[in-house]
Amino acid sequence: MQVELARLLDSLPAMVWTALPDGHVNFINRRWLEYVGQPAEEARRWDWEALIHPDYVSAVVADWRSIVASGQRGEIEALLRRFDGQYRAVLMRCRPIRDEQGRISRWCAIATDLEDSRSADETQPRDIDFQSPNSSAENLQLTIDTIPAAVWSARPDGSADFFNRHYLDYIGLPLEEALGWGWTQAIHPDDLPKLLDTWRALSILGKAGEAEARIRRHDGEYRWFLFRASPRRDRKGEVAKWYGFNTDIEDRRQMEGRLRRSEAFLAEGQHLARMGNFSWRVASGEIIWSEQLYRIFEFEPGTAVTLDRIAIRVPPEDVPMMVDMVGRAQRGETDFEYQHRIMFADGRIKHLHLIAHRATDRDEVEYIGAVLDITQRRVSEETLERVRSELAQVTRIMSLGALTASIAHEVNQPLSGIVTNAGTCLRMLSADPPNIEIAKETARRTIRDGNRAADIIAQLRALFSRKTVRYQPVDLNEAAREVLALVAGDLQRNHVVLHAEFVDRLPLVGGDRIQLQQVIMNLLRNASDAMRDVDDRPRQLSIKTEPGGDDHVKLTVRDVGVGLGTEDPDTVFQAFYTTKSDGMGIGLSVSRSIIESHGGRLWAEGHDGPGASFSFTIPSSAKSNPGIPDTDATRASATTGSS
């Protein structure tokens with residue numbers, strides 16, 4: 001029995017070892033000795049520094065001491081040096097063995113190579129003589145039963161004749177039911193045919209091998225396992241026994257699945273974003289590209305990439321940029337970023353944005369970076385710039401047209417008065433007898449309207465040439481009445497009901513009469529336009545003057561139209577903002593500039609009901625120009641608009 005158990009441990013295709021309660025190793029199976037290429041006595045000393053990669057020795061020792069101190073099962077991952085000097089990723093699963101009093105009597109562990117399995121020749125067992133004082137049949141049985149893996153053995157024909165306690169507890173079957181081929185009832189139905197085919201093939205060939213399948217746990221859950229089997233041969237070379245163990249790889253499979261999905265998402269994301277990534281080892285010239293980067297450069301995927309090959313795609317004008325990039329990389333600079341082009345044989349151009357960062361955890365200079373295809377963005381930017389240029393030209397033309405119409409409208413009023421007064425004067429002079437007094441009065445009106453037209457032209461020139469405003473006393477009531485007279489016809493045609501409320505003896509204001517009247521006219525026309533589509537209520541428009549406090553005068557225009565059309569009232573004063581389908585959006589912006597140049601303020605307010613109010617305040621003449629007294633003579637001058 002003892003010999004059979006020892007053979008079982010030595011023939012397992014896994015590295016098994018046991019340790020005393022304090023963590024010192026006291027048994028190592030043949031597989032471990034063959035794997036690390038050490039004699040038994042040397043291996044039992046557990047020379048960590050000789051077996052574990054130098055970078056991970058301290059971490060592995062710390063993990064093992066932590067597990068021993070905790071008294072609980074645990075896992076350790078390490079890079080273990082194989083007999084050929086190659087370091088391999090190994091997973092060691094450790095669990096304690098307790099006596100009847102619950103005290104730890106020893107530790108048992110199984111180490112699994114996480115990388116490719118070794119060849120069959122390397123797994124052939126050879127007889128050795130155990131010198132361990134704890135190699136009794138009882139201890140060997142206990143070791144096998146507590147190994148944290150499903151251990152089994154089978155006859156030469158493949159039928160099972162042994163399962164350790166861990167295996168039986170896991171599948172929830174008694175030994176009698178699992179022996180022979182009874183163990184197959186715990187295999188997932190979808191995996192069983194392939195597993196049996198692999199097992200039969202190994203039995204025929206008589207070579208070690210492995211397979212993956214799902215095993216049903218005692219609670220009904222299926223988990224993925226790695227089956228590994230190794231033959232023991234007799235002196236004639238015939239297979240005398242099969243030994244194997246099964247390792248739970250469910251977590252690894254899930255992790256690999258998540259990794260594959262992550263890689264697929266990354267590849268799809270790079271494809272959608274037209275972005276590829278790369279690594280570049282400067283000294284050796286090794287360049288690794290992602291699949292998307294091959295697509296961007298239109299190279300055959302998987303082919304070797306070199307700087308010379310990349311340079312073929314670079315236009316001559318961008319070659320100095322590439323030379324500069326290579327020079328910075330050779331100097332070991334931390335980061336660099338470039339926007340450059342690549343050209344194809346058919347003349348197509350792609351615009352690329354390259355960002356690279358030097359990796360700090362490498363033995364040699366290596367850059368990790370990304371390349372983004374920004375061709376569509378660059379084309380869109382160029383198209384947008386052309387559209388902006390064309391829009392600016394159209395805007396200038398439309399603004400010129402609007403300005404011309406505004407000038408024509410402003411000048412048309414006094415010119416119409418001149419023509420009317422001139423005609424009246426001629427009729428009075430042609431009367432028999434001539435009416436000299438009326439003719440003189442109409443002549444004086446003609447002169448007044450001529451001066452008014454000249455003032456409009458002069459003030460428009462001053463406005464657009466940014467000349468200093470010429471301040472004079474202005475009666476805001478009379479200035480507003482003159483504007484109302486000019487727009488009365490338009491208001492009537494739009495069916496607007498006008499209500500004017502002017503405060504008597506309103507203080508004179510200091511400013512430019514023509515410019516202030518332009519503001520009032522703009523506010524009145526906007527109010528009338530805002531009610532153009534109002535049909536469910538009277539189109540009421542009111543204009544009101546009143547003292548504004550702090551020696552200011554206030555004028556308000558209120559309508560019951562569509563409102564401001566924005567939550568922020570200041571938005572309507574932005575240049576080119578308009579709610580009119582035929583508007584330019586410059587009137588209110590210019591009006592605010594005029595009022596602010598007079599030291600005043602123009603603002604808008606929405607109503608709880610329909611409509612909006614526009615108000616402005618400007619300083620009185622006494623405040624803006626203390627040298628101008630508010631007398632009857634001054635008021636008369638302000639009323640006529642003469643300077």
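How much space lies in the second largest cavity? About 180 Å³. That figure, like every other here, comes from a predicted model. We will return to this cavity after a look at the chain as a whole and at one of its sheets.

Start with the overall picture. The chain has 643 residues, and buried residues make up 44% of them. It contains 20 helices and 22 strands. Sequence separation matters when reading the contacts. Among contacts between residues at least 6 apart in sequence, 57% join residues at least 24 apart.

Now turn to the N-terminal strands. Five strands form an open sheet in the order S2-S1-S5-S4-S3, and their pairing is antiparallel. Strand S2 (25–28) and strand S3 (74–81) are the edge strands, and each pairs on one side only. From one strand to the next, the twist averages 25°. Helix H5, residues 57–70, packs on this sheet. H5 touches S1, S3, strand S4 (87–98) and strand S5 (104–113). The direction of H5 makes about 155° with that of S3. Look next at the S2 side of the sheet. Strand S1 covers residues 15–19 and pairs with S2 over three bridges, in the antiparallel sense. One bridge to find on screen joins Thr 18 to Phe 27 in S2.

Some strands of this sheet also help line a pocket. The second largest pocket holds about 680 Å³ of space. Its lining has 33 residues, and the closest to its centre are Glu 75, Leu 91, Arg 93, Thr 247 and Asp 248. S3, S4 and S5 each supply at least two lining residues. So do helix H7 (165–171), strand S8 (209–216), strand S9 (222–233), strand S10 (239–248) and helix H10 (250–273). What classes of residue make up this lining? There are 16 charged, 11 nonpolar and six polar residues.

Next come the cavities. The count comes to five cavities of 30 Å³ or more. The largest cavity has a volume of about 280 Å³. It is lined by 17 residues. Nearest its centre lie Phe 297, Ile 310, Met 325, His 340 and Leu 354. Strand S11 (275–281), strand S12 (286–289) and strand S13 (335–343) each give two or more residues to this lining. Helix H11 (291–297), helix H12 (307–313) and helix H13 (319–330) do likewise. H13 gives the largest share, three residues. By class, the lining has 15 nonpolar residues, one polar and one charged.

Back to the cavity of the opening question. The second largest cavity has 19 lining residues. Trp 152, Trp 183, Leu 195, Trp 199 and Phe 227 lie nearest its centre. Strand S6 (150–154), strand S7 (160–163), helix H9 (192–205), S8 and S9 each give two or more residues. H9 makes the largest contribution, with four residues. The lining divides into 12 nonpolar, five polar and two charged residues. S8 and S9 also appear in the lining of the second largest pocket.

One loop deserves a stop. Gly 285 sits in the loop between S11 and S12. Is this glycine buried, exposed or partly exposed? Gly 285 counts as partly exposed because its relative accessible area is 32%, between the cut-offs of 20% and 50%. Leu 307 is 22 residues away along the chain, yet the C-alpha atoms of Gly 285 and Leu 307 are separated by 7.9 Å.

Finish toward the C terminus, at strand S22, residues 612–619. How many of its residues are buried? Eight of eight. Ala 612, Phe 614, Phe 616 and Ile 618 point one way. Ser 613, Ser 615, Thr 617 and Pro 619 point the other way. Why this split? In a regular strand, side chains alternate between the two faces of the sheet. In S22, the residues pointing either way are buried.

S22 has antiparallel partners. Strand S20 (residues 552–559) pairs with S22 over seven bridges. In that pairing, Lys 554 has Thr 617 as its bridge partner. Strand S21 (residues 601–606) pairs with S22 over six bridges. Here Leu 602 is matched with Phe 616. S21 and S22 form a hairpin with five residues between the strands. In this hairpin, Gly 611 takes a positive phi near 95°.

How values were computed: Residues numbered from 1 in each chain as written. Predicted model: local features only at pLDDT ≥ 70, side-chain atom pairs only at ≥ 80, totals over all residues. Heavy atoms only, no water. Pairing = 2+ DSSP bridges. Axes fitted to C-alpha atoms, helices over the stretch in contact; angles between N-to-C directions. Contact = heavy atoms within 4.5 Å. 1 Å grid on protein atoms, 1.4 Å probe; cavity = no way out; pocket = protein on both sides within 12 Å on 5 of 7 lines; lining within 4 Å. Points joined across faces, edges and corners; volume = space filled by probe spheres on them. Nonpolar A, V, L, I, M, F, W, Y, C, P; charged D, E, K, R; others polar. Buried < 20%, exposed > 50% of the residue type's maximum accessible area, 1.4 Å probe, protein only.
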